Each structure stands twice: as C-alpha cells, then as structure tokens.
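Trainee: Got a minute? I'd like to go through this model with you.
Mentor: Sure, put it up.

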Amino acid sequence: MPDKDIQRLAITEKFLRYAADLSETLPSSAVLVYADVFPGGEGLSQFLEHVQRHRLILVTREKDFQPPLGTEVIEVPEIKLTRLGQIKVAVLIGVARGLFTHEDLLICLSGVAESGHLDSLFILDLESEFEIFAVSQLEDLKEIVKPEVFQRVLSLAIVLATQGREGKPVGTCFILGDTDQVLQHCDQMVINPFRGYSENERNILDPRLEETVKEFALLDGAFVIRGDGVVESAGSYIRTGVVSADIPSGLGARHRSAAAITALTRAVAITVSESTGTVTVFRNGKIVMEIEKPHPLGPDTEWRRAFYAGPRAPSEWPHEPKLVKGG
C-alpha cells in the first residue's frame, strides 16, 4: 500500500478515535458518518469499531444500503453536494423521521466519496446553530407529513435545483400537508394536470411520477401534496397577503408565498430558487433551513473533488481536456 494511502487510513482512525472521545466528553446524541467515503463499504466495519459503544448513524446515497449491526441509516439524495450540504440534508431527514430534536448535539464525520478516508469533522449543536438550522420547527412534522414523503419531495427539490430541466434552471414550490386548509387559500393558475387521476397514479412516492413532477415544475404556481404523498394539484396560486416578519427582505413572490401559507396552516413548504438554485424549507412562516447549490470556481479541474462529497468514484468527475499536438 502506498505511503499516502497508509497516512490517510491513519488519519481516518484518528478521526474516529477523536469522535469517540468527544462522544464520551460531550453530551452528544449521535455520531454521524458519511458511509460513502468507504468504497463498497470496504473497511467500514473495522473503522466503526472505534465508536461501537455510541449511537451511530450512517449517511449514504446508496439505496438498499446494508449497515453493520447496531447502526441506523439516513439516505440522502444521489446528488453532488458540499460536505455541509450533505449534513444539512441528513439532519433535515433525521428530524422529519424523529431521530433528532433541537436539543441534540451531533458529531459528524465526512470526506470525499469512495476516497477510503475521512477528512472532516463537524460538531453541531442543533439548538444554537441558528445560521443553518431551525429544526425545532419540524419536530412535529411527522404528525402532518409522512417522513418518507418529506424525504422524497426534498430529494426532488434538490435534483431540480442542481440539474434543472433540460439544462435550464427551474424554480418551483412544494406545499406538504394540511391540504384541506392549504387549498382554501389557493386558486388554479392553469387547469390542474393531476385532476381525474386515481390516488395511486399521483402519489409522489411512486418513482414513475418523477418525470411528470419535473415537467410540471416548469409551470407557475405550487404543487399541493397531501401528507401521505398524493399530489392534489400543480400550478396552484397561493392567495394570501400574510407575510411573516421573520422572512428576510428581498425574497421573491414564491418564497414569500411559501412563508405565508406555512404561517396560516400546519403545512411545510419546500421552494427551489430559479436564480440561485437554493432549496429553502419553510414552517410556521419561518425559514427552517437553506441548502445552497454548490458553485465551484474556475474550470472543471481535479481540485473539485476536494470541494464535494459528491460522486461515487473519481471517474465521474470531468477532467482537463488533453491537448493534441497540431490540434
């Protein structure tokens, strides 16, 4: 094994030992590890022996991931995001599932996917991280929206934010839960494209509906989705003038409408900004969290791998074009 790889493995072990020591010292509720760092899960169990006495949660983009015994799993979207972006998404999903509360302190370990070593450690006090978290607003969310529905819509929003539609940026809004109250404040801007279909055919949890939702995201207005995942409408105009005083000035009509409808109802809203690609989650008229679209600087060079916790393998990254003599 090359000396560089040996050094990286040694760093990973030190990270895990340090995380275990911190978990003993601090009143932490869990240790989060970005499992995709380990190619095919190779070596994961060996490394996790250091934190086996602590509550361990693995974060992965792999579907049907088989975790070691005694661990929990949070599946995040299969999208290139910064390390902090992946952690934000994992925390959001964890709160929606009831795994975390605003009182929790989390020790988070991350790195580049399939690199075989960890290189980053975050200590997150969810109660005091006001700049990136307001998770207390979501702690009763599972009473309104099924966790798997929230996770599915959040994933779709992140995909639209990072990939757009046919190469073009997309802005849209999803309103989840408390549908009867939400619809009282909505008008249709266009004929409802979901009207007349059976509930099974318009459930957001059905993978076959993904392309349809992406296409209708191009419409003005919002998606209104029941807590069990049934899409009630698309292209809905939120008819309300109520705007929370906690919403920063400068937000567009889509975000202000999302803030307003969540102030009036128990719904949660997820918006995608067409101009910035930022995904914003609203509840109770407040911004719960923002997930920024990564914007790397400069050409697509190898250094980008150090910025993202994204691809499954380095081969997925673009490389500098090779110059051909005489070309």
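Mentor: Let's take the overall make-up, then the core, a helix, the empty spaces and a loop.

Trainee: Before that, what kind of model is this?
Mentor: It is a predicted model.

Trainee: How many helices and strands are there in the protein?
Mentor: The protein has 8 helices and 12 strands.

Trainee: And how much of it is buried?
Mentor: Of its 327 residues, 50% count as buried. On contacts, take those with a separation of 6 or more: 65% of them join residues 24 or more positions apart.

Trainee: OK, the core. How many residues are in the largest nonpolar core?
Mentor: That core has 77 residues. Phe-100, Phe-150 and Leu-154 have the most contacts inside it.

Trainee: Which helix gives the most to it?
Mentor: Helix α4, residues 147-163, with 10 residues.

Trainee: What is Leu-154 in contact with, leaving aside neighbours within four places in sequence?
Mentor: With Val-89, Leu-92 and Ile-93, among others. The list also includes Ile-270, Val-279, Val-281 and Ile-291. There is a second, separate core too, with 13 residues. Val-182, Cys-186, Ile-261 and Phe-282 are among them.

Trainee: Back to α4. Is the helix mostly covered or mostly open?
Mentor: Mostly covered. Of its 17 residues, 13 are buried.

Trainee: Why does its length agree with what a helix should span?
Mentor: The 17 residues of α4 should span 24 Å at 1.5 Å a residue, and the end C-alpha atoms are 24 Å apart, so the two agree.

Trainee: What follows α4?
Mentor: Gly-164 does, and its phi is positive, near 65°.

Trainee: Now pockets. How much space lies in the largest one?
Mentor: About 450 Å³. The lining has 16 residues. Lys-63, Glu-75, Pro-77, Arg-152 and Ser-155 are the ones nearest the centre of the pocket.

Trainee: Which elements give two or more residues to that lining?
Mentor: α4 and α6, the latter spanning 210-216. α4 gives the most, with 6 residues.

Trainee: So α4 turns up again. What is the lining like by class?
Mentor: It has 8 charged, 5 nonpolar and 3 polar residues.

Trainee: What about closed spaces? How many cavities of 30 Å³ or more does the structure hold?
Mentor: It holds 3. About 70 Å³ of space lies in the largest cavity.

Trainee: Which residues line that cavity?
Mentor: Leu-32, Val-33, Tyr-34, Val-59 and Gln-86 are among them. So are Ile-87, Ala-90, Cys-108, Leu-109 and Ser-110. β1 (30-34), α3 (83-96) and β4 (105-110) each give two or more residues to this lining.

Trainee: And by class?
Mentor: The cavity lining has 8 nonpolar and 2 polar residues, and no charged ones.

Trainee: Last topic, Ala-134. Where is it found?
Mentor: Ala-134 sits in the loop between β5 (120-125) and α4.

Trainee: Why does Ala-134 count as partly exposed?
Mentor: Its relative accessibility is 23%. Buried means under 20% and exposed means over 50%, so Ala-134 falls in between.

Trainee: What does it touch, beyond neighbours within four places in sequence?
Mentor: Ala-134 is in contact with Ile-287 and Val-288. Met-289 is also worth a look here. Ala-134 and Met-289 are 155 residues apart in sequence, yet their C-alpha atoms are 6.5 Å apart in space.

Technical notes
Residues are numbered from 1 along each chain as its sequence is written. This is a predicted model: local features need pLDDT of at least 70, side-chain atom pairs count only at pLDDT 80 or more; totals for chains, interfaces and linings use all residues. Side-chain values use heavy atoms; hydrogens and water are left out. A nonpolar core is a set of buried Ala, Val, Leu, Ile, Met, Phe, Trp, Tyr and Cys residues joined through side-chain atoms within 4.5 Å. Buried means under 20% relative accessible area, exposed over 50%, partly exposed in between (1.4 Å probe, protein chains only). Helices (H or I, at least four residues) and strands (E, at least two) are DSSP runs, numbered from the N terminus. Contact means heavy atoms within 4.5 Å. On a 1 Å grid over the protein atoms alone, a cavity is a set of points where a 1.4 Å probe fits but cannot get out, and a pocket is an open set with protein on both sides within 12 Å along at least five of seven lines; lining residues have an atom within 4 Å of a point. Grid points are joined across faces, edges and corners, and a volume is the space filled by probe spheres set on the points. Ala, Val, Leu, Ile, Met, Phe, Trp, Tyr, Cys and Pro count as nonpolar, Asp, Glu, Lys and Arg as charged, and the others, Gly among them, as polar. The expected span of a helix is 1.5 Å times one less than its number of residues.
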